[in-house]
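This briefing sets out selected features of one protein chain for readers working at the bench. Please keep the sequence and the structure in view while reading.

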Amino acid sequence: MICSLFLLTGCWNNQELDKTALVHGVGLDKSDEQLKISVEIIKPTSNQEGGQGGGKGSGQHIILEKNADTFLEGARELIRYAKRRLQFGHARAWIISERLAKGNFFQVLDSVSRDQMFRLNSHPFVTQEDPSDILSTPTLYENLTSLELVTALEQTQFIAEYAPLTLREFYKLTEGPIPNAYIPMISIKKAGEQTITSIDGTAVIKNNQMVGKLNTEETMGLNWLLNHVEGGSTTVSLDENEKVSLEITKAKTKTKPILNGRQLNVGIQTKIEGTLSDNMTTKRINEAFLKEIEKKISHHVQNEIHTTLKKLQKELETDITEIGLETHRTYPEQWQTIHSEWNDIFANAKISIDVDANITHEGLINENDPREHRKPYNNPYPFSK
């Protein structure tokens, strides 16, 4: 009985919640050669006053800001404002300003990968705005802005126009055979009188700093290349003012590199399956019409992939696709001699793109709504036209 007591020692390093400030979102910016740190802290109750001394309260959260030389110094200095120790174990979003991302932001995040308090399943973002403004943006559903941003990243089965990733995946990319990565970008927009946040585009990371960005269309092409498309939709035009939409139900991309010395040839094959969602034409749905749509969609997706590759190869000279990783797996011995000049090899690679779209379901009807009907002369409902 005495020996069993040693198994019931309890927690030796616990910390009470009423003495802790739970951080859910972190903003990092550059200010006068210092690091500007913004944190979003959850309020214990909804009727408490907002933070004092550099902070501002809104809804169920408090935003605190502090300039410091290092992240750890700023986190400790913020205790003077929060009156409690900051706990980052619940942080879900890391919002990095574009001007910091173009500098030494990777060194700023060094403590995140070292300290056991930080969660590597949280999500990084890059923004042109002030990160504190992003964290202060009114929410639509959640009480915390950071939680609402992370919720949006979970909707990739319905939309494929942004490329989410976690900090663990980000570190894995930058520490892999090709130290390039990507981070989704976020901005503030007006929707009527409502100010909202919007995930638009992707930041391209090369040599631990941001070297460019992809717009929404180019990000869609990146997702095709990364084989990350889980769903979403694509719209094409058949004739003037006649459009059709395909709801994607299944997508698969295969990348096959062929390396000959320092000359790289790559074959990319993408197969798409989907359901005909919108038919804004006057044509009746038949086999010939479906074949026409499939051809248009294949050409449209091929252009999206080509546009992304052109930006990455010719302008940014940065490989954030699966091409480099597949080359590394296929030619491990040759990779040892070419990895230092891979970005140049990628920029001059010859890439062929083949897209095969297949409509597996055309919907419940074969004609457009509304259709013209002749009412019977003895219509019992005279009020209907």
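Glu218 is buried, because its relative accessible area is 8%, under the 20% limit for that class. The model discussed here is a predicted one. The points below begin with the salt bridge that Glu218 forms and then turn to other charged pairs, strand pairing, aromatic rings and selected surface positions.

**Salt bridge between Lys311 and Glu218**

- The partner of Glu218 is Lys311, and the closest N and O atoms of this salt bridge are 3.2 Å apart.
- Lys311 belongs to helix H10 (residues 287–316) and Glu218 to helix H9 (residues 216–226), so that the pair links distant parts of the chain, 93 residues apart.
- Lys311 is also buried, because its relative accessible area of 15% falls under 20%.

**Other salt bridges**

- In total, the structure holds 14 salt bridges.
- One of them joins the side chains of Lys36 and Glu65, with an N to O distance of 4.0 Å.
- This pair likewise links distant parts of the chain, as Lys36 lies in strand S2 (residues 34–42) and Glu65 in strand S4 (residues 61–68), 29 residues apart.
- Lys36 counts as buried at 14% relative accessibility, whereas Glu65 is partly exposed, with a relative accessible area of 21%.
- The two classes differ because buried means under 20% relative accessible area, while partly exposed covers the range between that limit and 50%.
- Lys36 and Glu65 are further linked with Asp130 in a network of salt bridges.

**Glu98 and its surroundings**

- Glu98 is found in helix H3 (residues 98–101).
- Glu98 forms a salt bridge with Lys102, in which the closest N and O atoms are 3.1 Å apart.
- The two partners fall into separate accessibility classes: Glu98 is buried, with a relative accessible area of 11%, and Lys102 counts as partly exposed at 45% relative accessibility.
- Which residues is Glu98 in contact with, leaving aside its neighbours within four places in sequence? They are Val126, Thr127, Gln128, Met185, Met210 and Lys213.
- Two of these contacts, Val126 and Met185, also stand opposite each other, with Met185 in strand S8.

**Strand pairing around S8**

- Strand S7 (residues 123–127) and strand S8 (residues 180–191) run parallel and are joined by two bridges.
- On pairing with strand S9 (residues 194–206), S8 adopts the antiparallel sense, and this pairing extends over eleven bridges.
- Within the S8 and S9 pairing, Lys189 stands opposite Ile196, which is in S9.
- The hairpin of S8 and S9 has two residues between the strands, and Gly192 in this hairpin takes a positive phi near 70°.

**Aromatic rings**

- The structure holds nine aromatic pairs.
- One of these is formed by Phe106 and Tyr171, whose rings are 6.2 Å apart centre to centre, with 75° between the planes.
- This arrangement is classed as edge-to-face, because the angle between the planes is over 60 degrees.
- Phe106 lies in helix H4 (residues 105–108) and Tyr171 in helix H8 (residues 167–174), so the pair ties together parts that are 65 residues apart in sequence.
- Phe106 and Tyr171 are both buried.
- Elsewhere, Phe71, Phe88, Trp94 and Phe118 are linked into a cluster by ring pairs.

**Exposed positions**

- Leu5, Leu7 and Leu8 form a nonpolar patch on the surface, and together they have about 390 Å² of accessible area.
- Leu8, one of the patch residues, lies in the segment before strand S1 (20–31).
- Leu8 is exposed, because its relative accessible area is 67%, over the 50% limit.
- Gln336 lies in helix H12 (residues 332–338).
- Gln336 also counts as exposed, at 53% relative accessibility.
- How many residues apart along the chain are Gln336 and Pro177? They are 159 residues apart along the chain, and their C-alpha atoms are separated by 9.8 Å.

Note on methods. Residues are numbered from 1 along each chain as its sequence is written. This is a predicted model: local features need pLDDT of at least 70, side-chain atom pairs count only at pLDDT 80 or more; totals for chains, interfaces and linings use all residues. Side-chain values use heavy atoms; hydrogens and water are left out. Two strands pair if DSSP finds at least two bridges between them. Helices (H or I, at least four residues) and strands (E, at least two) are DSSP runs, numbered from the N terminus. Patches are made of residues with over 30% relative accessible area and no salt bridge: like charges are joined within 9 Å, nonpolar side chains (Val, Leu, Ile, Met, Phe, Trp, Tyr) within 5 Å. Accessible areas come from the Shrake-Rupley method with a 1.4 Å probe; for residues, only the protein chains shown count as cover. Buried means under 20% relative accessible area, exposed over 50%, partly exposed in between (1.4 Å probe, protein chains only). Rings of Phe, Tyr and Trp (its six-membered ring) pair if their centres lie within 6.5 Å; planes under 30 degrees apart count as stacked, over 60 as edge-to-face and the rest as tilted. Contact means heavy atoms within 4.5 Å.
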